[in-house]
Amino acid sequence: MSDIFAAFRWWLILFGLGATATPLAYVILGRLPDKGYAFVKMLGLLVVSYIFWLMGTLGFFSNTTGNVILAVLALAALSFAVYRRDDGQLLQWLRENKRHILLTELVFLLAFGLWAWVRAHNPSIAATEKPMEFAFLNSVGRSPNLPPLDPWLSGYAISYYYFGYIMTSVIARLAGVAEPVAFNLGIAWLLAGTATGAFGLVYNLVRSEGARRLAVGLGLLAALALPIAGNMQILLETLHGSGVGSAAFWQWLDVREINGPASDTPRFNGSSWWWWRSSRVINETHLSGRVEQGLEPIAEFPAFSFILGDMHPHVLALPFAFLSLAIALAWWLKLSAGPPPMPAAVKNPLLAAARRHIDGVGLPLWALTVLTLGGLSFLNTWDVLIHLFVLLGVYVLALWRRAGRWRSDWLAQAAGMALVLVVPAILLYFPFYLGFRSQAGAPYLLPFLMRPTRLAQFLIIFVMPLFSILALLLALLAQSRLRRWKTGLAAAPAVIVALFLTLLLFAWLMAISPDGAARLENLARELNIPLLPVAADASVGQRLSWGFSAILALTPTLLGVRAAYPWLTLLLAGIIGLVVMQLANQQERSQESTAATDNHVLPFALLLILTGALLTLGPEFVYLRDNFGQRLNTVFKFYYQAWVMFGVAAIYALSYLLRRARAAGILVTSVYTLLLAIALTFPYRAYVSRTLEYGSPPTLNGLAYKERFNADEYAAIMWLRQNVNHSPTLLEAVGDSYTEYARISASTGIPTVLGWPGHESQWRGYANPEPGVRKPLVRQIYTEINWPATEALLNQYDVRYIYVGSIERAAYGEAGLDKFAQNLEVAFQNGSVTIYRWQPE
């Protein structure tokens with residue numbers, strides 16, 4: 001019953017934040033048919049969390065619940081000021097649209113309740129990235145001030161995009177929910193926010209062209225398809241486990257774990273992690289044909305994320321990605337409606353240009369855009385450039401629509417708009433950037449020097465949205481009677497050539513670094529291509545000259561492999577060509593018939609398709625450099641946003657086809673619905689397997705598993721949570737990532753000397769020596785016999801609590817532990833755990 005009340009309070013707080021932000025949404029997003037109501041919870045939480053974080057980081061707020069309430073009151077004051085100037089229009093709109101408001105709230109409530117129930121059947125905060133995420137959430141709630149302290153590197157602040165954990169902690173404190181329960185309710189809220197955002201965005205797209213009932217129906221479809229449905233790997237899993245298909249077929253498809261002969265025993269009937277494979281369907285193959293083991297690209301999608309239950313930044317940002325797209329749609333509806341108002345005269349030319357850009361969208365909408373873009377960077381830095389691209393695309397398309405013809409100077413205007421958005425967004429969140437260290441290294445892009453992704457494996461992920469998208473593009477092609485076909489035909493190869501030249505450029509730049517040159521040498525050696533090695537003491541100029549020779553030697557092989565595996569590139573480039581062609585047609589038609597509004601938002605949907613195609617085509621040529629040295633993270637982050645872009649555009653495509661080509665629309669909708677029905681078996685079967693895996697009564701307490709399997713450690717964790725205030729340093733054993741190590745700091749938020757060293761190196765860069773320095777010193781503290789030497793190390797890292805449990809004994813032995821009992825006070829003790837308190841004089 002306590003879990004039900006906790007879930008109710010969580011929902012109530014989100015409802016209250018949304019209600020408080022409703023006047024702001026009504027004014028700023030007023031051009032949307034629903035006045036932005038589907039996004040009020042995201043808006044309210046964003047504004048409150050930003051005010052609380054900024055005031056805390058600048059030193060005006062301490063990290064207390066009382067100051068969270070002050071941030072809520074600031075939002076309320078802002079909304080009340082807006083409401084006072086409204087002359088009752090908001091109340092009238094609420095009365096007239098109460099049925100739609102209730103429907104929107106029902107979508108959120110049902111999604112939230114459903115996933116709270118799902119999480120209760122496997123709530124364990126264990127395995128994968130959950131310990132890290134739990135550590136951050138606990139640290140945000142425990143740190144006396146902001147920025148929050150790093151729970152896995154005492155004395156340092158978190159060097160990661162942690163805004164989502166601030167947001168979750170804000171809700172938890174307002175709702176009075178402890179972190180072990182808040183973690184799982186946070187996952188439920190993220191799914192519900194995503195479902196409501198998908199519902200709202202599709203509803204607004206379709207409703208902008210009329211057809212209210214169709215807008216509602218397709219919005220509900222989006223609430224299922226985008227956050228809950230899986231990909232087609234579940235169909236393959238079902239067929240393989242039912243004995244369907246020849247051994248040759250499964251070997252040809254080559255999805256690991258189901259690439260052998262079919263069996264009569266479905267894997268999803270048990271508690272195994274069969275569902276993990278749905279996010280790893282792409283295999284990486286070297287140019288020589290050697291298969292890369294262990295580093296498959298991560299092709300995660302929202303339903304997988306919510307089944308897994310990790311509170312990672314890409315999931316924390318998802319509802320706000322829909323808020324960003326709603327803002328972009330509001331931009332489109334405003335900018336494409338007519339010319340912007342004339343700005344007031346400003347003498348400074350730079351300020352005048354900025355004022356012109358801001359007045360084009362309106363100051364309130366511009367301010368919300370800046371706040372949201374900056375927030376996306378703080379939530380999940382990978383997303384911000386993607387959504388900036390969408391906004392700038394909207395801006396250029398609106399200029400094009402009003403003029404009816406293309407002008408090259410619009411790119412310069414788009415660059416100016418980018419500055420007007422990016423510079424304030426950085427300034428708003430500047431304290432975050434001061435402490436943030438990126439994993440990316442120079443050169444920031446690396447060439448993809450492996451075989452292209454196979455089309456069959458790509459379609460396992462995206463066949464459902466691409467089916468209706470291709471149907472839309474072909475219908476538009478037929479309706480346009482090949483008008484502007486030369487434009488589309490030129491765009492497709494131009495994109496391929498540009499990306500391939502980019503690949504060659506960054507392959508050439510690799511030669512500057514010894515590691516990059518060695519990689520090129522190894523590649524040539526594996527392909528039996530003669531290539532003289534570069535001298536170890538070569539200058540930068542000599543390395544570039546050598547790199548040019550290396551690229552000349554490798555290019556024929558690169559071209560040959562691309563020609564041998566062309567299908568995915570041709571498909572995505574073809575989609576890009578068709579989109580460019582239709583955008584040109586739509587912009588011209590807008591001038592020919594300004595009264596036509598039945599396809600007013602079609603260019604926006606085409607922009608989403610273009611964005612998704614670029615996101616999935618780009619990693620076939622280049623990827624962002626990070627600590628992994630492979631494209632798995634780039635594919636991960638880009639495909640995740642492509643799922644959103646393609647998913648929204650695909651459902652809009654159903655609307656267009658049903659209204660403009662009814663017979664084809666019914667056929668396409670029927671096939672899409674069938675694919676969706678298959679995809680919805682993924683969350684159901686995965687839920688069953690995860691429930692069997694947990695095997696205990698349902699609860700939202702993410703630490704209940706520890707109480708069941710290690711009662712002594714659970715009691716120690718609860719003692720620390722209830723009796724240790726603020727953030728003294730705690731010492732515990734250090735071990736590898738994705739293990740049980742660092743479990744005490746993760747479960748309490750109390751900083752430890754060192755948590756997972758590999759993760760700390762990822763966050764701070766491998767050049768930072770601190771994790772490597774601390775690991776042997778932690779071992780020395782536990783194993784050292786001499787007390788004065790131990791005392792010096794404890795003082796060096798300001799340690800106040802020393803944890804001794806089963807993992808510490810297994811890692812360091814018993815020999816050095818007696819000194820703690822002889823020299824320190826026992827703060828807590830039970831059967832297998834002792835916590836010592838160190839109070840230096």
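# Reading strand 6 and its surroundings

Student: In strand 6, which residues point one way and which the other?

Tutor: Thr 834 and Tyr 836 face one way from strand 6, Ile 835 and Arg 837 face the other way, and all are buried (under 20% relative accessible area with a 1.4 Å probe, protein chains only; over 50% is exposed, and values in between are partly exposed). Keep in mind that this is a predicted model, in which local features need pLDDT of at least 70 and side-chain atom pairs count only at pLDDT 80 or more, while totals for chains, interfaces and linings use all residues. Residues are numbered from 1 along each chain as its sequence is written, and side-chain values use heavy atoms, with hydrogens and water left out.

Student: What makes strand 4 and strand 6 a pair?

Tutor: Two strands pair if DSSP finds at least two bridges between them; strand 4 (residues 799-804) and strand 6 (residues 834-837) have 4 bridges, in the antiparallel sense, so they qualify as a pair. Strands here are DSSP runs of E with at least two residues, helices are runs of H or I with at least four, and both are numbered from the N terminus. Val 804 has Thr 834 as its bridge partner in strand 6, and Ile 802 stands opposite Tyr 836.

Student: And how do you know that strand 5 pairs with strand 6?

Tutor: Here too 4 bridges join the strands, which run antiparallel. Glu 825 is bridged to Arg 837, and Gln 829 to Thr 834. Strand 5 and strand 6 form a hairpin, with 4 residues between them.

Student: Why are strand 3 and strand 5 said to stand at the edges?

Tutor: The open sheet has 4 strands in the order 3-4-6-5, with mixed pairing. Strand 3 (729-731) and strand 5 (825-829) each have a single partner strand, so one side of each lacks a neighbour in the sheet. Neighbouring strands are turned by 25° against each other on average, direction ignored.

Student: Why are helix 1 and helix 8 called oblique to each other?

Tutor: Helix 1 (residues 2-28) and helix 8 (residues 179-207) pack at about 50°, with axes 11 Å apart. The axes are lines fitted to C-alpha atoms over the stretch in contact, and angles run from 0 to 180 degrees between N-to-C directions. Under 35 degrees is roughly parallel, over 145 roughly antiparallel, 65 to 115 roughly perpendicular and the rest oblique; the two helices are therefore oblique.

Student: What residues make the contact between these helices?

Tutor: Asp 3, Ala 6, Ala 7, Trp 10 and Leu 14 of helix 1 meet Val 181, Ala 182, Leu 185, Gly 186 and Trp 189 of helix 8, contact being heavy atoms within 4.5 Å. They divide into 8 nonpolar, 1 polar and 1 charged, where Ala, Val, Leu, Ile, Met, Phe, Trp, Tyr, Cys and Pro count as nonpolar, Asp, Glu, Lys and Arg as charged, and the others, Gly among them, as polar.

Student: Why is Ala 127 called partly exposed?

Tutor: Ala 127 has a relative accessible area of 40%, which falls between the two cut-offs, so partly exposed is the right term. Ala 127 sits in the loop between helix 5 (98-120) and helix 6 (130-142). Its C-alpha is 7.3 Å from that of Thr 739, although 612 residues separate them in sequence.

Student: What makes Lys 35 stand out?

Tutor: Lys 35 has a positive phi of about 55° although it is not a glycine. Lys 35 lies in the loop between helix 1 and helix 2 (40-57), and its 23% relative accessible area makes it partly exposed.
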